[in-house]
Amino acid sequence: MTNLLIGTGAGVFELTDEGPRQDPAFGARGVSALAAADGVAFAIADRRSIVRREPDGTWADVARSDELEFACVLPTQEGLFAGTDEAHLLRFDADDRALELVDSFDAVDGRDAWTTPWGGPPAVRSIAVDLAGRIHANVHVGGIPRSLDGGGSWEPTIDIDADIHQVVAHPSEPDVVLAAGAVGLAVSEDGGASWRIEQRGLHATYARAVAVAGDTILLSVSNGPRGGRSALYRTTYGPDLHLEKCTDGLPEWFDENIDSGWLVARDSVVAFGTGDGVIFLSDDEGERWTRAAEEVPSIRSLCFL
């Protein structure tokens with residue numbers, strides 16, 4: 001089985017052979033983000049609590065923030081990081097069971113220029129750690145600050161006008177980092193120090209989600225922030241990237257965006273969710289797709305255990 005967790009507005013579901021099954025151990029709290037490593041999963045519940053799932057399936061709240069709302073979470077060798085609204089980064093100290101503000105992130109160059117299209121405060125929308133241990137924090141809208149020392153210091157990368165929505169690290173290429181932005185697919189082959197933009201093959205450039213399955217990069221693209229002609233693309237990683245639209249088993253277009261965190265991969269298996277509650281699954285790096293579930297309530301995030 002795929003061991004796919006689905007975070008929704010009504011709790012966590014697990015994809016089984018019989019379809020999606022709500023996890024009664026989690027409850028009905030809304031989930032806005034999921035992440036997993038080494039069989040342990042973390043969920044953001046009601047945007048205020050971090051909840052940990054043990055390998056035996058039990059859940060327990062491990063941290064809470066009453067001042068800031070969580071936007072994303074990521075377990076790393078340097079600890080558990082959580083991105084928040086107002087573009088802050090918190091680290092969870094497992095020994096003290098406390099959240100600590102990463103002060104160095106608040107001091108990154110260029111922070112004063114961070115913004116949002118609607119004029120509100122920016123947020124740390126996604127976090128990735130590459131195989132070399134560099135941490136990449138996607139600020140919307142503020143580029144992708146990176147840390148080379150486990151979060152001790154940060155430096156800005158990529159033009160903030162790239163309007164990045166999600167950053168991920170390649171699972172087998174130590175220096176490759178990928179991001180989905182309003183300009184298309186952003187690719188770094190030097191651990192985030194420099195970036196290039198790839199758009200070849202796309203019908204539009206507004207990208208919301210990115211994932212890597214084996215040697216294949218997958219990217220969700222639409223006409224803009226409100227969706228429209230939304231589709232999934234794939235390309236084999238290499239020096240000459242040309243994205244091709246995924247068609248086998250999928251509708252010609254989706255109305256809504258396939259959002260950040262709704263597209264995930266592990267090895268050759270890929271899954272994504274849609275705004276109308278459908279889960280699509282592929283076991284060949286996104287070449288062919290099947291409907292794995294329908295009528296899943298308000299999908300917010302997916303992750304493989």
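## Close-up views of a predicted model

**Figure 1. Tryptophan 59 and its surroundings.** Tryptophan 59 is buried, with a relative accessible area of 13%, which places this residue below the 20% limit used for the term. In this predicted model, tryptophan 59 belongs to strand β7, which covers residues 59-64. Leaving aside residues up to four places away in sequence, tryptophan 59 touches Val12, Asp23, Ala25, Phe26, Ala41, Ala43, Val51, Arg52 and Arg53. One of these neighbours, aspartate 23, also makes a polar contact with tryptophan 59, side chain to side chain, at 2.8 Å. Proline 24 and tryptophan 59 are separated by 35 residues in sequence, while their C-alpha atoms are 9.9 Å apart in space.

**Figure 2. The aromatic pair of phenylalanine 26 and tryptophan 59.** The model contains seven aromatic pairs, and in one of them phenylalanine 26 meets tryptophan 59 edge-to-face, with 4.9 Å from centre to centre and 80 degrees between the planes. Because phenylalanine 26 lies in the loop between β3 (19-22) and β4 (31-37) whereas tryptophan 59 lies in strand β7, the pair ties together parts that are 33 residues apart in sequence. Phenylalanine 26 is buried, with a relative accessible area of 6%. Arginine 29 lies over the face of phenylalanine 26, at 5.6 Å from the ring centre.

**Figure 3. The pair of phenylalanine 272 and tryptophan 289, and its cluster.** The ring centres of phenylalanine 272 and tryptophan 289 are 5.0 Å apart and their planes stand at 75 degrees, so this pair is edge-to-face. Phenylalanine 272 is part of strand β24 (residues 269-273) and tryptophan 289 sits in the loop between β25 (279-282) and β26 (290-293), so the pair ties together parts that are 17 residues apart in sequence. Both phenylalanine 272 and tryptophan 289 are buried. These two residues form one aromatic cluster with Phe254 and Phe280.

**Figure 4. Lysine 245 over tryptophan 253.** In this view lysine 245 lies over the face of tryptophan 253, and the distance to the ring centre is 3.5 Å.

**Figure 5. The largest nonpolar core.** The largest nonpolar core has 18 residues, of which Leu178, Leu185, Val210, Leu219 and Val221 touch the most other members. At least two residues of this core come from each of the strands β16 (177-181), β17 (184-188), β19 (206-213), β20 (216-222) and β21 (231-236). A second core, separate from this one, has 16 residues, including Ala209, Ala211, Leu232 and Phe280. In soluble globular proteins, nonpolar side chains tend to be buried together. The contacts of leucine 185, not counting residues up to four places away in sequence, are with Leu178, Ala179, Arg196, Ile197, Glu198, Val210, Ile217, Leu219 and Leu241.

**Figure 6. Strand β13 between its two partners.** Strand β13 is mostly covered, with six of its six residues buried. Both faces are covered, since Ile135, Ala137 and Val139 on one side, and His136, Asn138 and His140 on the other, are all buried. Strand β12 (residues 123-129) runs antiparallel to β13 and is joined to it by six bridges, and valine 124 has valine 139 of β13 as its bridge partner. β14 also pairs with β13 in the antiparallel sense, over two bridges, with serine 147 of β14 as the bridge partner of isoleucine 135.

**Figure 7. Backbone geometry in the two hairpins of β13.** The hairpin of β12 and β13 has five residues between the strands, and glycine 133 there takes a positive phi near 90 degrees. The hairpin of β13 and β14 has five residues between the strands, and in that hairpin glycine 143 takes a positive phi near 80 degrees. The peptide bond from histidine 140 to valine 141 is cis, with omega near 5 degrees, and valine 141 is found in the loop between β13 (135-140) and β14 (146-147).

**Figure 8. Positive phi at isoleucine 158 and arginine 229.** Isoleucine 158, a residue other than glycine, has a positive phi near 55 degrees, and its place is in the loop between β14 and β15 (164-169). Arginine 229, again a residue other than glycine, has a positive phi near 50 degrees, and lies in the loop between β20 and β21. With a relative accessible area of 41%, arginine 229 is partly exposed, because this term covers values between 20% and 50%.

Key:
Residues numbered from 1 in each chain as written. Predicted model: local features only at pLDDT ≥ 70, side-chain atom pairs only at ≥ 80, totals over all residues. Heavy atoms only, no water. Core = buried A, V, L, I, M, F, W, Y, C linked by side-chain atoms within 4.5 Å. Buried < 20%, exposed > 50% of the residue type's maximum accessible area, 1.4 Å probe, protein only. Helix = DSSP H or I, 4+ residues; strand = E, 2+ residues; numbered from the N terminus. Contact = heavy atoms within 4.5 Å. Polar contact = N/O pair within 3.5 Å; in protein donor to acceptor, adjacent residues only side chain to side chain. Phe/Tyr/Trp six-rings, centres within 6.5 Å; stacked < 30°, edge-to-face > 60°. Lys NZ or Arg CZ within 6 Å of the ring centre and 35° of its normal. Pairing = 2+ DSSP bridges.
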